[in-house]
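The following account leads the reader through a protein chain by way of its sheets, its helices and the contacts between them. Please keep the structure in view while reading.

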Amino acid sequence: MHYFTQLEHGGDKRSFARTRNNSESTRAPQNFDRKRQLSESQAETMNNSDCRINPRKLGTPRGESHAAVSTSCDRKNWNKPTRGRKKNVFEAYMSKEDVAAGLKRGELIQGPLRINPKKYHEAFIPSPDGIRDIFIDGVVARNRALNGDIVVVKLFPKEQWKVIKPDGSDKETEATHESDVPEELLGTCLPREPVKGNADSPDVIIEAQFDDNDAEDGQENSQNVLADDIKKLSMDTNEKELYHQQNLNLLVLSCDGRVKDAERGCALGAKQEDVSKVNNPRLLPEKFLQRTAKVVCILEKKHSRAATGFIKLLADKSSELFKKCVMFSPVDHRVPRAYVSLADCPPDFVNRPEDYSSTLFICRIVDWREDSNFAIGQMAKSLGQAGEIEPETEGILTEYGVDFSDFSQDVLECLPQSLPWAIPPSELANRRDLRKECIFTIDPSTARDLDDALSCKQLPDGNVEVGVHIADVSYFVLEGTALDQVASGRATSVYLVQKVIPMLPRLLCEELCSLNPMKDRLTFSVMWKMTPEGKILDEWFGRTVICSCVKLSYDHAQSMIENPNKVFASEELPPVSPQHPVDEIHQAVLNLHQIAKHLRKQRFIDGALRLDQLKLSFTLDKESGMPQGCYIYQYRDSNKLVEEFMLLANMAVAHQIYRSFPQQALLRRHPPPQTKMLNDLMEFCDQLGLEIDFSSAGALHKSLNEMFGADSYAEARKEVLTTMFSRPMQMALYFCAGVLEDETLFRHYALNVPLYTHFTSPIRRFADILVHRLLSASLGMGRPVRMRKEAIQKQSDHCNDRKMASKRVQELSADLFFAIFVRECGPLESEAMVMGVLNKAFDVLVLSFGVQKRIYCNALPLTGFRFENVGKKPELTLLWEPEPPEQEAAPQVKPTPVAPCISGFGAQLNCTDLVCRSVPLHSPLTRVSGLVQSGSQG
């Protein structure tokens with residue numbers, strides 16, 4: 001459905017800081033926060049023994065893995081109740097021995113914990129059968145585990161399992177994931193660090209760059225078409241008559257294609273009644289049940305235990321606690337509130353607490369005892385005012401364990417000390433010299449870390465020689481050095497809107513390894529002899545030295561593609577090496593483009609899948625760094641050109657290292673979609689009458705690209721369904737080939753290839769450095785691989801964790817800048833399309849900005865609303881007061897045959913193709929909480 005939304009900033013800076021708490025919430029139900037926790041006064045009564053606050057120092061320094069932190073399984077019965085001790089809130093953890101035995105017998109299940117960001121009391125772990133996630137209901141059952149932790153759970157008896165109604169109306173209890181879809185699948189683009197503009201240029205364009213990782217799967221609720229399985233609203237005849245007398249406006253949201261008349265939907269504001277009773281789980285087949293469990297052990301504390309939030313005095317001033325500690329309330333509701341020592345707070349906080357009501361603090365959870373509803377925290381630092389870019393950014397980085405500290409002296413001493421550095425003659429003698437070849441880079445105009453270059457040379461026999469040349473970072477990052485250790489710990493560069501947190505020191509990232517124009521640089525190359533149609537005739541791997549002749553931006557390359565006959569003047573391009581005329585470079589770009597088109601076409605014929613999601617980019621003020629504008633990044637032919645050859649190189653290297661080191665090869669796999677979520681999505685599409693073929697990745701890609709017609713909203717419908725289809729997709733993962741016995745598990749679902757790895761971005765990904773070492777050893781050019789398969793798998797797991805954290809940080813950075821943009825420049829009005837209907841809310845995709853938003857009915861200026869299932873199709877009906885005659889109407893969407901404009905009395909909203917009235921939102925559509933205000937109708 002299409003939905004006009006108007007974005008405004010509202011509320012104080014404290015509410016603004018909660019942008020990272022509920023990404024899809026316009027406003028949660030009013031009683032949501034009251035359900036979350038006890039009041040401070042209640043807590044003080046129940047937790048009086050907690051006054052002995054003694055925060056201990058964390059054992060994990062900034063940026064280091066939490067894998068080494070002692071597990072909670074060692075603490076069985078460490079705090080057994082004794083006489084006088086209050087009753088425990090949580091169960092004691094099982095011992096390591098009992099956990100190991102239980103896992104071996106199949107009585108216990110382990111997996112990563114995922115807490116629903118929209119409903120903090122719901123958590124899940126994947127089921128070993130891959131069908132339906134195991135549900136962990138409530139904070140007590142979660143037993144002090146935090147999001148991302150590796151936990152062990154014990155299933156409850158069957159009579160305590162959750163009933164899933166056969167009519168599909170109870171789909172809300174599904175794992176809700178933060179976005180983490182593979183990059184080859186999504187075509188995700190990484191923003192590069194901006195370069196401050198010149199004096200005559202007011203803006204800095206933050207350009208996105210193709211990231212050849214996998215389309216790291218975006219998983220969320222199965223389709224957000226959720227229903228209340230017990231209650232629904234009804235209305236008797238008298239109420240219907242009253243409705244007609246009041247002449248209320250009506251709006252119906254549903255997921256079928258039929259138009260509802262206003263009279264049928266007028267039954268709003270009525271008392272809710274139970275229309276069904278919960279069935280006995282013992283009498284139902286397991287396909288209608290969701291297993292429930294409780295956490296009995298935390299095997300690995302993956303969560304950083306750090307959070308940003310606010311502090312306030314306790315309510316009971318006469319209590320012992322009031323004199324010793326304050327309450328820390330995290331922005332993220334999935335993290336517990338915590339007592340922190342008053343001694344760690346600002347000196348004047350007790351006397352002037354209001355001065356700090358909008359100040360963000362970082363707190364680290366250091367303990368959470370069995371007998372306490374609240375954790376014990378240690379105040380790390382004050383960040384500054386909520387809603388400002390730098391304090392919010394530092395909070396995001398800290399929460400996700402990103403090491404943004406300066407590199408130590410030990411690390412810097414691993415770099416070349418004699419500058420300017422030159423390639424030693426002995427090294428030149430061991431490499432293939434390509435410095436006279438026409439080789440160039442294509443990157444965002446603001447990119448500084450140029451780690452890949454391309455070449456395309458016409459051969460006398462009519463074929464071409466194509467080269468992918470990647471910075472030889474492994475030459476500088478030697479195994480076992482301090483530089484190697486810090487790079488492996490960081491594992492990835494982290495791209496924020498306004499800057500980059502580099503994996504390596506900038507001397508390497510931006511100078512010695514970066515393939516800057518007209519500079520001799522060490523590279524690792526993959527070269528192919530190809531036909532003009534992209535058929536590979538020969539392949540070569542080797543260490544090389546190149547000298548890039550020009551740094552092209554995507555815009556430059558795109559202009560060359562779009563103007564094949566144009567003669568480009570030198571001033572239209574960046575500085576070009578005098579050894580290579582512009583027309584030679586232009587022809588090489590055109591040749592690469594033609595080959596890339598053939599390669600791309602063949603990939604999709606062979607069954608690849610691509611889900612292109614909308615990507616938001618920003619323009620920044622060169623002085624203040626504040627966002628001046630935002631736009632959807634355009635993925636064009638120049639991006640596709642680079643993508644195809646990066647994919648080709650990664651696949652070629654994967655085969656080479658696996659042939660040479662079948663036990664040690666570091667590869668990347670992408671499992672098929674989650675069965676349960678995919679089945680739900682198939683059912684949902686069937687309800688909407690959408691003929692989508694889910695039989696394979698290629699079939700799904702073909703369906704998405706062929707079924708939407710050519711009307712003005714076809715592309716919008718495709719965007720909505722693309723977002724939905726990303727949810728069942730699993731994460732792509734690094735792994736060591738020696739730890740998986742079944743080769744069928746090596747496959748990459750989205751690319752539909754048997755082997756894949758990452759080779760092309762060693763400046764920003766440590767996995768690529770390991771792959772370079774393996775490739776070098778396979779060619780007899782480097783040291784033998786000393787790492788055992790267990791060590792490679794451990795590093796792979798760490799790279800997976802840091803990649804997920806990096807992606808989340810990148811998303812939150814964009815959320816932050818978008819929120820600030822709306823605050824400074826709003827209100828903004830945009831079309832949106834309804835993605836799903838819930839019992840008290842509906843989800844929309846805002847097309848102009850590519851952001852998703854959940855809009856709660858109780859936050860709209862409605863006189864009532866009703867949810868019901870018509871068969872299996874959820875339907876939400878809204879009522880609002882008629883407009884005053886003098887109110888000026890908002891612009892209306894041009895009607896289409898399947899998307900009628902709302903004219904004032906009502907229409908039906910079909911999922912993915914209906915128009916809604918204009919509603920100004922009191923906050924941005926990303927992570928800012930706030931109220932939805934009334935507005936003109938369109």
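**From a hairpin to the sheets and helices of the chain**

Strand 36 and strand 37 form a hairpin in which 3 residues lie between the two strands. The model in which this hairpin is seen is a predicted one. Strand 36, residues 828–837, runs antiparallel to strand 37 and is joined to it by 5 bridges. Within this pairing, Met833 has Leu845 of strand 37 as its bridge partner.

Strand 37 also has a partner in strand 38, residues 851–856; the two run antiparallel and are joined by 6 bridges. Leu845 takes part here as well, its bridge partner in strand 38 being Gln852. Strands 37 and 38 make a hairpin with 4 residues between the strands, and in this hairpin Gly850 adopts a positive phi near 65°. Is strand 37 buried or exposed? Of its 6 residues, 841–846, 6 are buried. The cover extends to both faces: Ala841, Asp843 and Leu845 are buried on one side, and Phe842, Val844 and Val846 are buried on the other.

These hairpins belong to a chain with 21 helices and 42 strands. Of its 938 residues, 61% count as buried. When contacts between residues at least 6 apart in sequence are considered, 76% join residues at least 24 apart.

One sheet of the chain closes on itself. Its 5 strands form a barrel in the order 18-19-20-22-21, with mixed pairing. On average, and with direction ignored, neighbouring strands of this sheet are turned by 50° against each other. Strand 20 (residues 338–341) and strand 22 (residues 375–385) run parallel and are joined by 3 bridges. Ala338 has Ala375 of strand 22 as its bridge partner.

Helix 9 lies across strand 18 (306–312), strand 21 (359–367) and strand 22, and runs at about 150° to strand 22. Helix 9, residues 389–399, also meets helix 21, residues 789–825: their axes come within 10 Å and cross at roughly 160°. The two helices are therefore roughly antiparallel to each other, since an angle over 145 degrees counts as such. The crossing of helix 9 past helix 21 is right-handed. Which residues make the contact? Helix 9 contributes Ile389, Glu392, Thr393, Ile396 and Leu397, while helix 21 contributes Val809, Leu812, Ser813, Leu816, Phe817 and Ile820. As a general matter, an α-helix has 3.6 residues a turn, so residues three or four places apart point the same way.

A second sheet is open. It is formed by 7 strands in the order 23-30-29-26-25-24-31, again with mixed pairing. Strand 23 (432–433) and strand 31 (551–553) stand at the edges; each has a single partner strand, so one side of each is left without a neighbour in the sheet. The partnership of strand 31 with strand 24 (residues 439–443) is parallel and extends over 3 bridges. In that pairing, Ile442 has Leu552 of strand 31 as its bridge partner.

Helix 15 packs on this open sheet, where it touches strand 24, strand 25 (452–458), strand 26 (464–471), strand 29 (520–530) and strand 31; the direction of helix 15 makes about 95° with that of strand 25. The length of helix 15 agrees with expectation, because its 24 residues (582–605) should span 34 Å at 1.5 Å a residue and its end C-alpha atoms are 35 Å apart. Just after helix 15, Gly607 takes a positive phi of about 105°. Helix 20, residues 766–778, lies across strand 26, strand 29 and strand 30 (536–547), and runs at about 65° to strand 29.

A further helix pair completes the tour. Helix 14 (residues 554–562) packs against helix 16 (residues 637–660) at an angle of about 105°, with the axes 8 Å apart. These two helices are therefore roughly perpendicular to each other. Their contact involves Tyr554, Ala557, Gln558 and Ile561 of helix 14, together with Asp637, Ser638, Asn639, Leu641 and Val642 of helix 16. Helix 16 has 24 residues and reaches 35 Å from its first C-alpha to its last, close to the 34 Å expected at 1.5 Å a residue. Why is helix 16 described as largely enclosed by the rest of the structure? The reason is burial, because 19 of the 24 residues of helix 16 are buried.

How values were computed:
Residues are numbered from 1 along each chain as its sequence is written. This is a predicted model: local features need pLDDT of at least 70, side-chain atom pairs count only at pLDDT 80 or more; totals for chains, interfaces and linings use all residues. Side-chain values use heavy atoms; hydrogens and water are left out. Buried means under 20% relative accessible area, exposed over 50%, partly exposed in between (1.4 Å probe, protein chains only). Two strands pair if DSSP finds at least two bridges between them. The expected span of a helix is 1.5 Å times one less than its number of residues. Contact means heavy atoms within 4.5 Å. Axes are lines fitted to C-alpha atoms, for helices over the stretch in contact, and angles run from 0 to 180 degrees between N-to-C directions. Angles under 35 degrees count as roughly parallel, over 145 as roughly antiparallel, 65 to 115 as roughly perpendicular and the rest as oblique. A crossing is left-handed if the near helix is turned anticlockwise from the far one by less than a right angle, and right-handed if clockwise.
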